[in-house]
Structures are given as C-alpha cells and as structure tokens.
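Thanks for coming. I have one model to go through today, so please look at the screen while I talk.

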There are 2 protein chains.
Amino acid sequence: MDEGMTIAEVARRTGLTAHTLRYYERAGLLPSPPPRGVNGHRCYTQRHLDWVVLLSRLRATGMSIAGMRRYAELAGNGLPTSRERLELLLVHRAQVASRIEQLRDDLTLIDNKIDIYRKSIEENHV
Amino acid sequence: MDEGMTIAEVARRTGLTAHTLRYYERAGLLPSPPPRGVNGHRCYTQRHLDWVVLLSRLRATGMSIAGMRRYAELAGNGLPTSRERLELLLVHRAQVASRIEQLRDDLTLIDNKIDIYRKSIEENHV
DNA sequence: ATTTGACTTAGAGTGCGCTCCAACACCGAG
DNA sequence: CTCGGTGTTGGAGCGCACTCTAAGTCAAAT
C-alpha cells in the first residue's frame with residue numbers, strides 16, 4: 001500500500017497547490033525529486049511528503065525560497081552537513097521568535113487604538 | 001518649535017524610507033496629506049507622524065495597502081465612521097492573533113527538527 | 001557664482017513567489 | 001473510439017509593495 005502519492009494528493013495534504021509543488025521542485029527545494037511512474041507522473045513517498053511539510057512550515061515562518069534552497073542543498077549532501085543545517089535552523093528559529101515578539105508589540109499598539117475607538121464611541125454614543 | 005518635520009525626519013523616526021512615505025501618500029494612505037512649505041516640501045506635523053507610525057504597525061502585522069487605504073478613507077470621513085474603523089481593527093487584530101498562534105505552532109515543528117539534528121550530531125559525533 | 005544637497009514629480013523598474021497557459025501524453029469509462 | 005480527467009513541460013504573466021530614475025527646484029555654504 002506504499003506505492004506513492006500523486007501530486008494532487010501531496011497538494012491536498014500540504015495545502016500547497018500542484019503548481020507550487022512543481023515550482024518548488026524546479027527551484028531546487030527537493031534534495032531528491034520524487035521518482036516518476038510509468039506515465040512520467042511524479043510518485044511521492046512519505047519522506048517526500050514529510051520534507052514538503054517542513055518546507056511549508058519554513059515558508060510559513062518567512063524563510064525565502066533561496067533560504068530553503070540552501071537548506072535543501074545541504075540536506076542533499078547528507079550527514080556531513082548536519083551542523084550547517086542545524087546552524088541554519090537555529091538562525092531561522094531566532095528570527096521567527098523575534099518576529100513573534102515584534103508582532104506582540106505591534107498588537108499592543110493596535111489594541112490601544114481599539115480602546116481609544118471604544119471609548120470615543122461610548123462617549124459620543126455614535 | 002512645532003513647525004513640522006521634513007520627510008527625511010519622518011523617515012528616520014518611522015523606519016520607512018522617504019520613497020515609501022511618498023508612495024503611501026500617493027496610494028491614499030494619508031487622510032490629510034501634510035501641508036507644503038514655501039518651497040513645496042512636505043511639512044509633517046506630530047499628528048502625521050503618529051498616523052504614519054500606526055500605518056507602519058498595521059503594515060508590519062500584514063495589513064495590505066488596500067486595507068490601509070480603506071482605513072484611511074474611513075478616518076478621512078471623521079467621527080461617523082468610528083464604528084467601521086473599530087470593526088476593521090478588530091478583524092485585523094484577530095487575524096494577527098491567529099497568525100501569532102500559527103507561528104508558534106510552526107516553531108514547534110522547527111524545534112523538533114532542531115532536536116533531531118542535535119541528537120544525530122551527538123550520536124554520530126560529526 | 002557655483003556647488004552641494006535635500007527636496008519635488010510622473011512614471012518606470014525590480015524582486016519575490018507564485019500562478020497560469022498552451023500543447024501534449026496517457027488512462028479508464030461509456 | 002471518443003471523452004474527461006489527471007498529469008507533463010517550458011515559459012509567460014501577475015500582484016504586491018516597494019524602489020528607483022530623470023529632470024527639475026530651491027536654499028544655504030564656499
């Protein structure tokens with residue numbers, strides 16, 4: 001039962017479109033592109049799916065395509081690059097954390113503004 | 001001493017570029033554009049600065065230019081639009097909050113990956 | 001008097017990340 | 001045997017948010 005998924009299936013499971021999956025592959029984001037079935041269709045394994053899920057999270061947290069390509073290239077070179085990959089993820093992790101902090105901050109300003117509107121509406125019973 | 005700021009000063013204080021400030025103005029993001037000095041230069045008041053700061057926070061939290069324009073248009077129509085503006089901010093606030101949640105979530109997956117690398121490096125003393 | 005530098009404009013250009021198109025291949029159902 | 005559905009490709013196109021260019025104005029400094 002493990003004879004691979006179609007691109008549509010991977011799209012469904014990751015929330016990316018089939019277009020985007022092909023684009024990612026062309027962009028060098030898959031260290032080992034999925035093998036092809038008889039008719040030339042991509043045949044994704046669980047490992048591919050897992051990788052794409054990771055990519056989608058990296059993307060969702062603001063990593064650029066170039067950043068993901070760098071990560072993919074390292075991953076393609078196996079064990080010896082573990083440290084570099086770890087380093088890359090740590091740097092990214094830090095960026096995401098500080099981005100979250102920034103968002104929190106921005107949110108408080110927005111909340112202040114919201115309070116001001118609430119009071120203004122109340123006072124003027126608009 | 002309150003005779004207004006130059007565009008460079010506002011750029012410095014907001015972190016936006018002068019180019020971007022002009023772009024925002026052209027895009028209709030300033031309900032009342034800054035008046036011009038004798039030589040046609042923009043002369044921002046504190047109110048303008050405050051507004052631009054708010055814009056930059058809305059932007060930083062992912063509001064689109066179109067969204068900010070809508071907000072600016074409402075603000076330009078004064079008190080009667082208070083409710084609508086409040087509504088707009090509340091919707092945006094909710095989006096930002098859920099985005100932060102999503103980022104947290106994504107971060108845990110990245111953290112897992114980081115742990116895996118740490119262990120792999122340790123075990124294989126790479 | 002000239003040069004420097006900060007500003008003005010309309011409009012063109014850029015970079016990113018998709019997103020779609022046209023033309024084609026193949027499979028299974030009716 | 002045709003049709004619909006799903007896939008393939010290279011390359012074009014798009015939307016967004018800037019970002020910059022060119023040509024000009026003006027004030028202060030040298």
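At what angle do helix 1 of chain B and helix 3 of chain B pack, and how far apart are their axes? Before the answer, the ground rules. This is a predicted model, in which local features need pLDDT of at least 70, side-chain atom pairs count only at pLDDT 80 or more, and totals for chains, interfaces and linings use all residues. Residues are numbered from 1 along each chain as its sequence is written, while chains are lettered from A and ligands numbered from 1 in the order in which they are written.

Now the answer: the angle is about 45 degrees and the axes are 10 Å apart, with helix 3 of chain B covering residues 46–60. Helices here are DSSP runs of H or I with at least four residues, strands are runs of E with at least two, and both are numbered from the N terminus. Axes are lines fitted to C-alpha atoms, for helices over the stretch in contact, and angles between N-to-C directions run from 0 to 180 degrees. Helix 1 of chain B is therefore oblique to helix 3 of chain B; the classes are roughly parallel under 35 degrees, roughly antiparallel over 145, roughly perpendicular from 65 to 115, and oblique for the rest. The crossing of these two helices of chain B is right-handed, meaning that the near helix is turned clockwise from the far one by less than a right angle, with anticlockwise being left-handed.

Helix 1 of chain B brings V10(B), R13(B) and T14(B) to this contact, and helix 3 of chain B brings L49(B), V52(B), V53(B) and S56(B). Contact means C-beta atoms, placed from the backbone, within 7 Å. By class there are 4 nonpolar, 2 polar and 1 charged. Nonpolar is Ala, Val, Leu, Ile, Met, Phe, Trp, Tyr, Cys and Pro; charged is Asp, Glu, Lys and Arg; the others, Gly among them, are polar.

Next, a pair in chain A. The axes of helix 4 of chain A and helix 5 of chain A, residues 82–123, come within 9 Å and cross at roughly 155 degrees. These two helices of chain A are therefore roughly antiparallel, and their crossing is left-handed. R70(A), Y71(A), L74(A) and A75(A) of helix 4 meet E84(A), R85(A) and L88(A) of helix 5. That contact has 4 nonpolar, no polar and 3 charged residues.

On to the two chains. Their contact takes 32 residues from chain A and 32 residues from chain B. On the side of chain A, helix 5 gives the most, with 24 residues. That side has 17 nonpolar, 6 polar and 9 charged residues.

How are the copies related? A rotation of 180 degrees with 0.0 Å of shift along its axis superposes chain A on chain B, with an RMSD of 0.1 Å. That is the relation of a two-fold axis. The fit is by least squares on C-alpha atoms of residues with pLDDT of at least 70 in both copies. In chain A, the residue closest to the rotation axis is I100(A), at 3.1 Å for its C-alpha. The same surface serves both copies, since 100% of the contact residues of chain A recur in chain B.

Last, the DNA. Of the 18 residues around strand C, the nearest are S64(A), I65(A), T6(B), A8(B) and R42(B). Near means a C-beta atom, placed from the backbone, within 6 Å of the molecule or strand. Helix 2 of chain A provides the largest share of that surface, 3 residues. Around strand D there are also 18 residues, the closest being T6(A), A8(A), R42(A), S64(B) and I65(B). There the largest share, 3 residues, comes from helix 2 of chain B. The surface near strand D divides into 7 nonpolar, 8 polar and 3 charged residues.

Methods:
Contact = placed C-beta atoms within 7 Å.
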